[in-house]
Every structure is written in structure tokens, then in C-alpha cells.
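Reader: I'm setting up some calculations and would like a close look at one loop, with whatever helps me place it in the rest of the chain. Could you walk me through it?

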Amino acid sequence: MRWFAMELPLFGVYSRGCHVCLPCRWFRFAPNSRRNVKNIFNRKYSTVTGDIKSLRTIINPDISKIRNIGIMAHIDAGKTTTTERILYYAGYTRTLGDVDDGDTVTDFLTQERERGITIQSAAVTFDWNAHRINLIDTPGHVDFTIEVERSLRVLDGAVAVFDAAAGVEAQTLTVWRQADKHRIPRICFLNKMDKPRASFSYSIESIKEKLKVKPLLLQLPIGMGKSFEGVVDVVTNEKVLWSPSSTDDEDGTIFSRDPLTSTDDHALLNEARDARYSLIEQVADLDDEFAELALEALSDNLDAVSAEHLNAAIRRVTLAQTAVPVLCGSALKNKGVQLLMDAVTKYLPAPNECQRDFLHSYGSDLCALAFKVVHDKQRGPLVFLRIYSGTLKPQSALYNINKNCTYVFRERMSRLLLPFADRQIEIHALEAGNIALTVGLKQTATGDTIVTSKSLAAAAARRVGVGSGKGPVEHEGPVLAMVEIPEPVFFCTIEPPSMAKQPDLDHALTNLQREDPSLKVKVDSDSGQTILCGMGELHIEIIHDRIKREYGIETYLGPLQVAYRETIMVSSNASDTLDRTIGDKRNVVTTELSVHPWLGEGPKSTPLIEISDHILELFSAETHRAIENGIKNSCLQGPLLRFPVQDVVVSLESLSVYPGTSLAMISACVSRCVQRALKQAGTQVLEPVMKLEIMVDENRLSVVLADLAQRRGSIQEIQTRLENRVVLASVPLAEMMGYSTALRTLTSGNATFTLELSSYELMNPQDQNTLFNKMMGAL
């Protein structure tokens with residue numbers, strides 16, 4: 001075994017089978033290591049990777065050279081395969097992993113490799129074309145949409161991957177809306193151009209119609225389906241061809257790039273010329289600077305528009321989000337991925353190009369957002385942080401602004417790491433714009449804002465005027481927007497094999513909840529059973545499997561049940577008095593309040609609380625919090641079937657408190673009064689209704705529609721997607737139990753479907769009565 005001390009690009013040879021000695025950063029190789037190192041740095045890329053830099057330069061590149069991007073798409077569009085090719089061509093893995101073989105870098109969970117799907121988002125850090133890329137591969141299944149949400153929250157740009165044979169699919173719309181919410185510039189990559197039914201024109205039309213965006217065609221495919229062999233670069237007017245797939249050692253690293261000439265196919269020449277003229281016109285319409293250049297200097301000859309000017313204009317248009325660049329290729333067949341990475345560095349923003357209003361309040365001080373937590377058996381919780389300002393160093397004492405209300409909250413970070421899926425490298429510092437992995441933050445959770453000290457948080461608060469108004473201050477400094485956590489739609493009981501294992505199960509569930517905020521765990525107050533609440537059947541199944549494999553607990557799951565809600569349709573008033581003596585202290589509380597239906601836009605999962613002005617003036621901030629806790633707790637279980645109450649406004653009109661009464665008694669009285677008002681208003685049940693999309697061939701369409709009618713389904717639209725039919729419907733979630741097996745049986749496995757929560761809707765009296773009898777044990 002030979003040893004070499006060398007300065008290598010970070011993760012330059014970090015791959016399966018490599019061993020890294022972290023303290024001295026020496027790399028150990030097998031006997032053929034000299035050849036391996038030579039091959040890595042002699043690989044042919046579409047762009048030159050540049051000189052080998054010092055470790056310090058690589059760890060903290062200039063902020064303008066950083067790209068924080070995510071890969072997002074519908075399930076099975078090819079996100080993980082694209083990520084795997086990116087890592088290979090960047091020189092950070094030696095072999096091409098395959099989802100079907102279960103050996104990809106970012107799908108490292110056992111469940112991911114067995115099922116061939118992405119469950120957790122995974123971060124990898126690497127370099128491309130003198131740029132630092134922090135990439136997050138996200139899941140495509142709707143059950144794990146929280147992983148997409150919290151990843152997009154901290155990213156500056158994204159690559160949306162499409163199946164060229166399907167165009168825009170159901171989950172594509174969901175992740176696109178999530179990116180819209182965070183105002184993230186995007187690039188579109190039409191993957192799977194080698195599939196028999198791939199259609200470039202259909203995919204472009206679906207992007208226009210369904211996503212309501214303007215696509216900028218930067219590439220045209222050369223061939224389609226099995227004949228797909230390369231692309232035309234519309235910007236540079238070049239054709240890029242990969243070696244024939246029949247070559248034994250074909251891995252996509254070797255390709256030719258030549259200008260289009262008159263000797264090329266005339267149809268291809270005309271198509272490329274028209275596409276370039278159209279691209280120039282589109283960009284000129286969207287960018288005034290480029291329009292002036294095109295009109296004044298180049299009006300007579302659009303062919304004279306240089307690639308540099310066009311690229312600069314495309315970048316401005318992309319950052320302004322007035323259009324999206326579109327590229328194409330086949331990640332599985334190793335074609336087009338290098339050009340995609342070139343586009344990421346050219347068109348997507350650096351961290352300093354993103355507008356963030358809160359940054360001025362922290363200046364050069366540390367401000368970071370915790371967006372993901374994973375648990376390691378040896379090191380405990382590992383927290384992913386996006387650094388927005390300042391510098392993060394190991395052995396630092398950090399202050400968590402979000403925990404200020406509960407604790408004098410400081411934590412010490414012991415180690416600082418750069419992530420590479422399930423592997424990491426330890427570093428000495430990391431600056432603004434990067435994504436870090438930290439060890440030692442025991443209580444920090446997803447959505448927490450991390451700063452250096454409480455005094456710096458207070459100074460930032462003064463700069464933006466936080467806490468200057470009346471009433472209690474929730475945080476002592478400006479916090480970053482937290483991640484929105486979706487409400488679970490399924491629940492079931494979970495039990496350990498014996499009571500002796502209950503503490504171990506509680507520990508496992510605590511860790512899993514911290515990793516996955518969309519997983520909710522509660523204890524039934526009557527039966528004492530532990531209730532597991534999740535986003536879908538697959539979500540709960542994965543959690544159950546992880547408890548067994550990672551924590552060694554053989555748990556038992558009860559039958560899966562639907563998470564209904566309750567609401568009110570009319571207003572109601574109630575008053576209540578609580579008079580109780582505890583020890584030698586008398587506690588007396590009298591309250592009067594009213595409840596009203598929420599008439600605002602969108603659902604409201606927590607009650608809207610209105611407190612009259614004279615109560616706000618008479619009582620302290622602690623009393624206000626006790627009142628709010630009482631109201632919120634009372635809405636956790638409705639009076640009808642004990643499901644959570646939503647879309648309710650609670651108005652507290654009067655409150656009388658005997659001197660010395662405890663806050664717990666105030667909260668209990670208010671809670672009991674709210675329950676009385678809800679009961680008088682007459683709560684009704686809301687059931688989750690799902691948006692269903694089924695893709696099926698024409699011959700089996702009728703049996704699918706007949707089955708949906710029996711499931712209380714409402715057909716919204718039937719579309720044509722190439723040779724298949726796409727059924728768009730809304731169906732109550734209660735009717736979709738085991739639908740995957742049923743659909744496979746009906747269509748002989750020739751149909752696919754996706755489910756997404758649409759809304760909660762009132763049940764009709766007959767269905768509600770049936771549910772009531774079932775819940776009461778009558779059926």
C-alpha cells in the first residue's frame with residue numbers, strides 16, 4: 001500500500017472504495033493509485049476544470065463562484081441518475097452508479113436502494129468549471145414533499161428534470177409551485193430523449209401550457225428514441241455528438257463538438273437556424289440591454305450575435321424569472337449531462353445575486369438556517385445549515401433565536417463538515433453562501449435561525465425594529481422564514497413488542513420526528529396508545545421499516561386510518577367559570593367567548609385568535625400565552641369525533657381572574673369554554689380529497705373510470721398524452737386505500753398513478769353518519 005501527500009481538489013478522488021484520513025487530509029490509494037490519479041485529471045470534459053488549487057481555496061471559493069442548486073422532478077424522471085452522472089463527470093466517483101443496481105451515491109438509505117426511489121434529500125459538494133456546486137437531490141414522491149420544500153427553502157437555483165416521453169407530470173407541477181413560492185430561478189432538462197416515445201415538441205408544449213412559462217430552447221435533439229445521438233447547441237450553433245453506444249468503454253466522457261456547416265443535413269441546418277433566430281427574438285423581447293444591442297449593431301445580420309452576448313442576456317432573463325432555459329439529453333445513456341452542468345454555472349445565480357432583505361440586519365455577523373437534521377449512531381444529530389452571512393467555525397458557541405422563548409439557548413458546535421451524501425470531510429471554517437454539516441447541535445431543529453450570540457441577535461433586532469411595538473415579542477432577533485410543514489393525512493397506532501421496549505421506541509420516534517417534521521407522533525389521552533401520523537401509506541411504511549432496521553425494534557402497526565378534520569358552519573357563544581381549590585389556594589376564572597367559521601381564503605389549520613383590547617391591557621404577556629395555549633389545545637380534538645378542528649375563529653370577549661389563580665387554571669377554563677362553544681355550534685366532519693392523475697392506455701380506460709365511480713371519484717378531465725390517456729380526478733382519500741394493487745389488477749400493470757392532497761371538503765350527511773357509526777364501533 002503506497003501513500004501520497006498531495007494537494008487535490010476537494011473530493012477529487014472521493015468515491016466508493018477510497019479511504020480518507022481526515023486529520024491530515026492525506027488520501028490512500030490502492031497499488032494502481034498513480035494511474036487512478038492520472039486518469040482523474042486527464043478526463044475530457046466540455047470545459048476545462050482548471051489548475052489544482054490549495055485546500056483552503058477550494059473550501060472557501062469566492063462567493064460569485066458558488067452555486068446552490070437542487071434537482072427536482074416527478075418520480076422516475078431521472079433525478080438521481082442525472083446526479084450520479086454529474087458526480088462522475090466532475091471526477092468525484094470512479095464508476096457510474098445505477099438506481100436499479102442500488103449503488104448510487106445520493107440514494108444511500110437501505111430502503112432507497114431496495115425500492116429504487118429517493119426518500120431523503122441528499123447533499124453533495126463538488127467543483128465544476130472553477131465553480132463550487134452544492135447540489136441537493138430531492139425525492140419525487142408526494143409522500144416526501146417536505147424534503148423538497150425544505151431543500152428549496154435554502155437553494156438559489158434549481159434544475160427541473162422532465163421525462164421527455166411524459167412532459168409535465170403531476171408532481172412536476174407541485175415542485176414547480178414550491179419553487180415559485182421561493183422565487184427560485186430554474187433550468188429545464190428534458191431527460192430520457194432515448195426512450196421510444198420521447199417527444200421534444202410535446203414536452204415543450206406541456207411546459208408552456210401547464211407551467212405557464214416561456215421556454216428558451218438552448219438545444220435541439222439530434223435524433224430521438226433509439227436514434228438519439230446528440231444535441232445542437234443553439235447558442236453557439238454547434239452540434240455535439242457522443243460516441244456510439246456500442247462502444248465497450250462508453251461512459252459519455254468523450255464527445256465531439258463541431259460547428260454546423262453546409263455539409264450537414266439541410267433539415268437540421270434549417271431547424272437550428274430557425275431556433276437560433278427565435279431564441280434571439282425571445283431574449284430581445286425580455287431583455288432591454290440585449291434588444292438594444294440586437295437592434296442597433298446587429299439588425300442586418302442576426303448570425304453576428306455572439307454567444308457571449310447571448311449567454312449574458314439568457315442569464316439576466318433566467319435570474320429575472322421571465323423565462324426558463326431548456327436543455328435535453330439522456331442521463332442513463334450518458335448524453336447531455338456535461339452541457340447541463342455548464343448551463344448551471346452560466347445561468348443560475350450565485351448566493352450574492354439573490355435578494356434577501358433580512359441580510360442587512362446581520363451585516364458580517366453569522367446568520368444561518370437549519371434546514372435538515374439526520375441522526376448518526378456515533379456522532380448524534382447532524383444538522384445541515386445554509387450560511388447566509390458571516391463565517392462558521394468548529395468549537396463555536398451558537399445561539400438559536402427560535403428557542404429563545406423557552407431556553408437561554410446556546411449550543412456548541414464541535415465539528416464542521418462538508419457533505420457528500422452519507423460521507424463527509426471535516427473542515428476548519430466555512431463562509432457565507434455555502435451549505436455545511438455540523439456536529440454537536442443537540443436541540444436545533446428544522447427551520448431554526450442560528451447566530452453567534454444573543455447580543456448580536458438583539459442588535460439585529462434593533463436594526464429592523466423588532467420588539468419596538470406593544471405586546472409580547474416572540475423572538476429577540478429577526479428570524480429566517482421557517483419551512484412550511486404539511487399536515488399528515490394518514491395515522492395508525494404503533495406498539496413495541498413489550499413495555500420494556502417502549503422507551504427505546506420513544507427515543508426512535510423522537511429522532512425520526514426531528515429528521516422528518518412531516519411525521520407527527522402523539523399519545524391518545526384515553527387509551528395511552530402511541531399514534532403515528534404521516535403523509536401517506538408509503539411514508540408510514542418507510543418509517544416502520546426504519547424503526548426495525550436502524551433501531552432494532554420489531555414494532556406492530558394498527559390499521560391505517562384517514563386523518564379527518566372537524567369544522568363549524570355557524571357561530572356560537574359560550575361562557576364558563578372554573579372554581580377550584582388546590583391545597584390552600586383558590587383558583588377562580590370566568591370567561592366568555594364566541595366561535596365563528598373562518599371565511600378567509602384557503603384553509604386555516606390552527607384557530608385564529610381574537611382577544612379584546614381591554615383583556616390585552618389588563619393581563620400580562622404570560623396570561624396571553626396561557627389563553628392562546630388553552631384555545632389551541634381545545635381545537636386539537638373536536639367534540640364530534642375528536643379530530644382536529646380547523647377553519648375556526650375564536651374571539652375572547654371577557655376574562656375575570658381571581659388574584660393568585662395559576663396560569664394552568666386560566667388555560668384550562670378557556671379550553672373548556674371553547675369546547676362548549678364548538679359543541680353548541682354543531683361541528684361537521686371534513687374529509688381529505690385527493691387530486692388523482694392516472695396514465696392508462698385507451699383499451700383499459702373504461703374499467704378505470706368505472707372503478708373510480710365506485711370510489712366516489714369525480715372525473716375532472718381526460719387528456720391525451722402521446723398514445724396514452726391521462727385521467728384527472730378528485731377522490732376521497734378514504735376510498736384510495738390499497739389503490740395501487742387494485743389498479744395493477746385492473747390494467748394488468750399497464751397504468752400508473754399519482755396522488756396529491758387537494759383540499760378538505762365537507763362530507764355529506766349519509767357518509768358522515770356511516771363514518772360516525774364506524775368510529776363508534778357500530779360497524
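Author: The loop between strand S11 (230-233) and strand S12 (238-242) is where Asn237 sits. Keep in mind that this is a predicted model. Asn237 has a positive phi of about 60°, although it is not a glycine. That's worth a look, because most residues other than glycine have a negative phi. Asn237 counts as partly exposed because its relative accessible area is 29%, and partly exposed runs from 20% to 50%.

There's another loop residue to put beside it. Asp647 is in the loop between H17 and strand S34 (648-657), and this residue also isn't a glycine but has a positive phi of about 60°. Its surroundings read differently on accessibility: Asp647 is at 16% relative accessibility, so it counts as buried. Lys212 is one more with a positive phi, near 55°, and this residue follows H7.

Since H7 came up, here's that helix. H7 covers residues 200-211, and at 1.5 Å a residue its twelve residues should span 16 Å; the end C-alpha atoms are 16 Å apart, so the two agree. At the start of H7, a side-chain oxygen of Ser199 comes to within 3.1 Å of the backbone nitrogen of Tyr202. The buried residues of H7 are Phe200, Tyr202, Ser203, Ile204, Ser206, Ile207 and Leu211. When you look down a helix, remember that residues three or four places apart point the same way, because an α-helix has 3.6 residues a turn.

Two of those H7 residues lead you on to Phe162, which touches Ile207 and Leu211, and also, among others, Ala77, Trp176, Phe189 and Leu190. Phe162 is in the largest nonpolar core, which has 105 residues; Phe162 is listed with Phe126, Leu190, Leu279, Val283, Leu310 and Ile314 as having the most contacts inside it. Helix H8 (residues 266-286) gives the largest share of this core, eight residues. A second, separate core has 43 residues, including Cys492, Ile494, Ala508 and Val727.

Now over to strand S25 (residues 490-495), where you'll find Phe491. Phe491 is buried, because its relative accessible area is 15% and the cut-off is under 20%. The C-alpha atoms of Phe491 and Leu532 are separated by 5.4 Å, though the two residues are 41 apart along the chain. Phe491 also touches Leu532, and its other contacts include Ile540, Pro559, Val562 and Phe643.

Back to H17, the helix before the Asp647 loop. H17 spans residues 621-634 and holds Thr623. Thr623 has a relative accessible area of 7%, so it is buried, and it touches Leu655, Leu663 and Ile666, leaving aside residues up to four places away in sequence.

On cysteines, the structure holds zero disulfides. Cys328 counts as buried because its relative accessibility is 0%, and Cys367 is buried at 0% too.

Last, confidence. The mean pLDDT of the protein chain is 82, and 84% of its residues reach 70 or more. Among the elements, strand S14 (residues 324-328) has the highest mean pLDDT, 97, and strand S3 (residues 26-28) the lowest, 28. Over residues 1-57 the pLDDT is below 50, and that stretch has 115 contacts in the model beyond near neighbours in sequence. Residues 466-477 are also below 50, with 22 such contacts.

Key: Residues numbered from 1 in each chain as written. Predicted model: local features only at pLDDT ≥ 70, side-chain atom pairs only at ≥ 80, totals over all residues. Heavy atoms only, no water. Core = buried A, V, L, I, M, F, W, Y, C linked by side-chain atoms within 4.5 Å. Buried < 20%, exposed > 50% of the residue type's maximum accessible area, 1.4 Å probe, protein only. Helix = DSSP H or I, 4+ residues; strand = E, 2+ residues; numbered from the N terminus. Contact = heavy atoms within 4.5 Å. Disulfide = S-S within 2.5 Å. pLDDT = per-residue confidence, 0-100. Expected span 1.5 Å × (residues − 1). Polar contact = N/O pair within 3.5 Å; in protein donor to acceptor, adjacent residues only side chain to side chain.
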